[in-house]
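Student: I would like to learn how to read helix faces, pockets and single buried residues in a model. Could we work through one case?

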Amino acid sequence: MTCCATRAAGRLFLILGLVLTLPIAAAAQEGMARLSVLPGWRSDQGTHIAALRVTLAPGWKTYWRAPGDAGIPPEIDLRGARNLSGAAPAWPTPVVFWQNGMRSIGYKDELILPLRVRPRSPGEDIVLAGRITMGICEDICVPVSKSFDATLPAAQTNPDPRIIRALENRPLPADRAGVRDVHCTITPTPQGIEIAAAITMPPAGGTETVVLETDDPQIWVAEPDSARNGEVLRARTELVHVHGDAFAINRAGLRLTVLGADHAVDIKGCPAP
């Protein structure tokens with residue numbers, strides 16, 4: 001069995017485990033994870049800055065948008081919202097942890113997830129209503145689905161310091177982190193595509209973890225192997241289509257995140273050498 005097949009089987013095991021724990025999900029929703037909406041404030045540009053706050057019981061964790069082989073990303077459904085033309089999450093920097101021998105990426109204790117919400121009718125209140133579905137894990141993993149319904153007042157203009165801290169905790173853009181060069185070499189493999197990335201940047205501190213994402217949800221990305229040699233951080237991973245189909249890579253849609261002990265770095269796009 002190849003490395004990617006092994007990792008895929010491990011993730012399948014985790015998903016099956018989530019399904020098998022459905023009978024205890026109700027208890028988890030009550031005691032292991034609590035959800036609230038921080039109504040935030042209306043900015044001078046007319047965008048409303050709100051947040052979903054997930055409070056976890058001690059020892060429990062939830063996942064980032066790219067959760068690694070042993071996690072499930074949160075999904076937010078806003079179909080119940082009113083006076084809403086769009087919303088975009090601003091993910092705080094996650095942490096790396098290990099689960100059943102596989103790397104996961106997410107949050108412990110608490111997640112404050114800022115949302116940049118655009119009203120359909122400027123100057124009027126927004127009703128932020130919907131549901132968030134996520135996995136939470138301790139020794140076992142449990143699926144959690146929680147609904148929310150809150151008014152975001154147009155007249156509220158005072159920033160919430162809790163949301164401000166979450167926004168300030170996001171990965172640094174590439175230019176602010178001193179990234180001088182980034183390129184990716186793409187090589188076909190029997191199963192899919194191998195990507196080798198080279199990032200010229202100052203160290204982010206400690207053991208650096210590189211996460212690669214694509215703009216195609218049908219492409220599965222294996223956990224990258226990464227190592228630093230002087231000023232260059234290199235990462236290598238394999239991509240396969242979830243249905244085994246042929247696929248192409250949009251280099252502009254590649255996203256590399258470097259997670260270090262001192263800070264994280266967000267790199268969008270990976271051109272050819």
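Tutor: We take one helix, then two pockets, then a few single residues. This is a predicted model, in which local features need pLDDT of at least 70, side-chain atom pairs count only at pLDDT 80 or more, and totals for chains, interfaces and linings use all residues. Residues are numbered from 1 along each chain as its sequence is written, and side-chain values use heavy atoms, with hydrogens and water left out.

Student: Which residues of helix α3 are buried?

Tutor: Helices (H or I, at least four residues) and strands (E, at least two) are DSSP runs, numbered from the N terminus. Buried means under 20% relative accessible area, exposed over 50%, and partly exposed in between, with a 1.4 Å probe and protein chains only. In α3, residues 161-168, the buried ones are Ile163, Ala166 and Leu167. They lie on the same side of α3 because they cover an arc of only 100° around the axis, the arc being that of the directions from the helix axis to the C-beta atoms.

Student: What does the face turned away from the buried side carry, and what do the buried residues pack against?

Tutor: That face carries the exposed residues Pro161, Arg165 and Glu168. The buried residues of α3 pack against β1 (33-42), β2 (48-56) and β8 (110-118), where contact means heavy atoms within 4.5 Å.

Student: Which residue caps the N-terminal end of α3?

Tutor: A polar contact is a pair of N or O atoms within 3.5 Å; within protein, one must be able to donate a hydrogen and the other to accept it, and residues adjacent in sequence count only if both atoms are side-chain atoms. The cap is aspartate 160, with a side-chain oxygen 2.9 Å from the backbone nitrogen of arginine 162.

Student: How is a pocket read, and what lines the largest pocket?

Tutor: On a 1 Å grid over the protein atoms alone, a pocket is an open set of points where a 1.4 Å probe fits, with protein on both sides within 12 Å along at least five of seven lines; lining residues have an atom within 4 Å of a point. The largest pocket is lined by 29 residues, with Arg65, Ala66, Pro67, Glu213 and Ile219 nearest its centre. Two or more lining residues come from each of β3 (61-68), β7 (102-108), β14 (209-213) and β15 (219-221). β3 gives the largest share, four residues.

Student: Which residues lie closest to the centre of the second largest pocket?

Tutor: They are Arg170, Pro171, Leu172, Pro173 and Asp266, out of 15 that line this pocket. The elements giving two or more residues to its lining are β3, α3, β11 (172-173) and β19 (264-268).

Student: Turning to single residues, is lysine 146 buried or exposed?

Tutor: Lysine 146 counts as buried because its relative accessibility is 14%. It sits in strand β10, residues 141-152, and its side chain reaches the backbone oxygen of alanine 33 at 3.2 Å.

Student: Where is glutamate 208 found?

Tutor: Glutamate 208 is in the loop between β13 (193-200) and β14, and is buried, with a relative accessible area of 9%. Its side chain reaches the backbone nitrogen of alanine 204 at 2.7 Å. Beyond neighbours within four places in sequence, glutamate 208 contacts residues including Met201, Ser226, Arg228 and Leu259.

Student: What is the phi of asparagine 83?

Tutor: Phi of asparagine 83 is near 55°, a positive value in a residue other than glycine. Asparagine 83 lies in the loop between β4 (75-77) and β5 (86-89).
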